[in-house]
Amino acid sequence: MSSVIKAIEDSFRKSAVVDVRSGDTVKVHQKIREGNKERVQIFQGLVIRTDNKGSHISRITVRRIASGIGVEKSFLLHSPLVLKVEVTKRSSVRRNYLSYQRARTGKAARMTGIEFNREAVNAVHDRAAEAEEEKLKEETAKAAEAEAAQNAKEEAKLEAKAAEVVARHQDQPEEA
């Protein structure tokens with residue numbers, strides 16, 4: 001029975017996920033659906049918690065200050081809505097859960113960065129996510145192209161009407 005469950009869980013896992021730790025500053029690229037449109041939104045902040053690292057339900061909690069208010073979001077790393085996680089800064093911390101960061105602002109909230117190989121950490125290629133991102137870009141480009149064609153067609157109609165009006169005014173004899 002457990003092998004069946006494991007097979008189902010593995011079918012929902014991404015093939016590769018970035019090694020994210022508490023204390024990292026990350027950019028999370030998340031797919032957002034608004035009505036019938038889809039776009040990619042980037043949420044950048046400090047990872048204050050990592051949960052279930054080896055599991056298909058591994059989760060990170062990212063915190064940032066937006067307009068003077070602390071905002072926290074939790075992301076499932078294996079979710080199809082999370083397209084990419086990019087580590088921009090790595091800090092040295094001694095805890096997994098950095099709840100003390102909630103009370104800190106300004107200089108007190110700064111963390112000491114450590115040197116790390118950014119290219120090696122972020123060099124995880126998930127072919128499905130990259131294909132999905134390319135598909136979204138193509139759909140956006142096609143929609144913009146269709147809108148430009150529609151605008152050009154309407155512009156041509158307006159120019160034809162303007163030319164017709166000018167022609168009518170030139171044909172009429174002037175009355176003195």
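Here are a few exercises on this predicted model, each with a worked solution.

Residues are numbered from 1 along each chain as its sequence is written. Since the model is predicted, local features need pLDDT of at least 70 and side-chain atom pairs count only at pLDDT 80 or more, while totals for chains, interfaces and linings use all residues, and side-chain values use heavy atoms, with hydrogens and water left out.

**Exercise 1. Salt bridges of Glu 72**

Work out which side chains meet Glu 72 in a salt bridge, and how accessible each residue is.

Step 1: Start with the rule. A salt bridge is a side-chain nitrogen of Lys or Arg within 4 Å of a carboxyl oxygen of Asp or Glu. By this rule the count comes to nine salt bridges.

Step 2: Find the partners. Glu 72 meets Arg 63 at 3.2 Å, N to O, and Arg 102 at 2.6 Å, N to O.

Step 3: Place the second pair. Glu 72 is in strand β4 (residues 69-76) and Arg 102 is in the loop between β5 (82-91) and β6 (113-114), so this pair ties together parts that are 30 residues apart in sequence. Helices here (H or I, at least four residues) and strands (E, at least two) are DSSP runs, numbered from the N terminus.

Step 4: Check the accessibility. Buried means under 20% relative accessible area, exposed over 50%, and partly exposed in between (1.4 Å probe, protein chains only). Arg 63 has 14%, so it counts as buried. Glu 72, at 31%, is partly exposed, and Arg 102 is partly exposed too, at 37%.

**Exercise 2. A pair inside one helix**

Find where Glu 164 and Arg 168 lie and how their side chains meet.

Step 1: Both residues lie in helix α3 (residues 127-171), four residues apart, which is about one turn of the helix.

Step 2: Their side chains form a salt bridge at 3.0 Å, N to O.

Step 3: Glu 164 is partly exposed at 46% relative accessibility, and Arg 168 is partly exposed at 49%.

For a linked case, look at Asp 19, Arg 21 and Lys 53, which are joined in a network of salt bridges.

**Exercise 3. The second largest pocket**

Describe the volume and the lining of the second largest pocket.

Step 1: Get the terms straight. On a 1 Å grid over the protein atoms alone, a pocket is an open set of points where a 1.4 Å probe fits, with protein on both sides within 12 Å along at least five of seven lines; lining residues have an atom within 4 Å of a point. Grid points are joined across faces, edges and corners, and the volume is the space filled by probe spheres set on the points.

Step 2: The volume comes out at about 260 Å³.

Step 3: The lining includes Thr 25, Gln 44, Leu 46, Arg 63, Ile 65, Arg 104 and Ala 109. The elements that give two or more residues to this lining are β2 (37-51) and β3 (59-66).

Step 4: Sort by class. Ala, Val, Leu, Ile, Met, Phe, Trp, Tyr, Cys and Pro count as nonpolar, Asp, Glu, Lys and Arg as charged, and the others, Gly among them, as polar. That gives three nonpolar, six polar and three charged residues.

**Exercise 4. Positive phi in two loops**

Say where Asn 52 and Ser 67 lie, and what their phi values are.

Step 1: Asn 52 sits in the loop between β2 and β3. Its phi is positive, about 50°, although it is not a glycine.

Step 2: Ser 67 sits in the loop between β3 and β4. Ser 67 is not a glycine either, yet has a positive phi of about 55°.

Step 3: Asn 52 is partly exposed at 44% relative accessibility, whereas Ser 67 is exposed at 77%.

**Exercise 5. A contact across the sequence**

Find how far Thr 50 and Asn 96 are apart in sequence and in space.

Step 1: Thr 50 is in strand β2 and is buried, with a relative accessible area of 9%.

Step 2: Thr 50 and Asn 96 are 46 residues apart in sequence and 6.7 Å apart in space, C-alpha to C-alpha.
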